[in-house]
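Me: Hi! I've got a structure open and would like to talk through its core and its charged pairs. Could you take a look with me?

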Amino acid sequence: VKPSFELLKKYIKNVHINELSSNYPWRELFALLRQNKYERYTLCEPQESKEPERFLRWYAALWRELNRA
């Protein structure tokens with residue numbers, strides 16, 4: 001992640017997340033965003049759920065866990 005991030009960091013205005021529960025190195029990306037003072041939103045595009053409120057609570061908790069320093 002870091003080599004690509006270094007090339008693109010000055011252009012990052014928005015972070016779009018397709019699947020937070022994937023094997024993508026989210027902790028590394030979030031650490032790089034913090035180090036570079038990214039203070040904008042991250043957008044999620046989760047899968048459809050039959051229990052959307054419950055799913056979004058879980059998704060938010062997962063985001064906080066992956067994003068903690």
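Reply: Happy to. One cut-off before we start: buried means under 20% relative accessible area, exposed means over 50%, and partly exposed is in between. Keep in mind that this is a predicted model.

Me: Good, let's use that. Is E65 buried, partly exposed or exposed?

Reply: E65 has a relative accessibility of 31%, so it counts as partly exposed.

Me: And which residue does the E65 side chain meet in a salt bridge?

Reply: That would be R27, with an N to O distance of 3.0 Å. The two sit 38 residues apart, E65 in helix α3 and R27 in helix α2, so this pair links distant parts of the chain.

Me: Nice. What about the exposure of R27?

Reply: R27 comes out at 42% relative accessibility, which means it is partly exposed.

Me: How many salt bridges does a search of the whole structure find?

Reply: Four. Another one of them joins the side chains of E6 and K9, at 2.8 Å from N to O.

Me: How exposed are those two, E6 and K9?

Reply: E6 has a relative accessible area of 35%, and K9 is at 33%. Both values fall between the cut-offs, so E6 is partly exposed and K9 is partly exposed.

Me: Which residue forms a salt bridge with R54?

Reply: E51 does, and the closest N and O atoms are 3.3 Å apart. R54 counts as exposed, because its relative accessibility is 53%, while E51 is partly exposed at 45%.

Me: Which residues are joined into one network by salt bridges that share partners?

Reply: R27, E65 and R68.

Me: OK, changing topic to the inside. Which residues touch the most other members of the largest nonpolar core?

Reply: I17, L20, W26, F30 and L33, out of 14 residues in that core. Strand β1 (15-17) and helices α2 (26-35) and α3 (52-67) each supply at least two residues.

Me: Which of these elements gives the most?

Reply: α2, with five residues.

Me: Why would nonpolar side chains be together like that?

Reply: As a general tendency, nonpolar side chains in soluble globular proteins are buried together.

Me: Last one. Leaving aside neighbours within four places in sequence, what is I17 in contact with?

Reply: On that basis, I17 is in contact with W26, F30, T42, L43, C44, E45, Y59 and W63. Two of those names should look familiar: W26 and F30 are listed with I17 among the core residues that touch the most other members.

Terms used
Residues are numbered from 1 along each chain as its sequence is written. This is a predicted model: local features need pLDDT of at least 70, side-chain atom pairs count only at pLDDT 80 or more; totals for chains, interfaces and linings use all residues. Side-chain values use heavy atoms; hydrogens and water are left out. A nonpolar core is a set of buried Ala, Val, Leu, Ile, Met, Phe, Trp, Tyr and Cys residues joined through side-chain atoms within 4.5 Å. Buried means under 20% relative accessible area, exposed over 50%, partly exposed in between (1.4 Å probe, protein chains only). Helices (H or I, at least four residues) and strands (E, at least two) are DSSP runs, numbered from the N terminus. Contact means heavy atoms within 4.5 Å.
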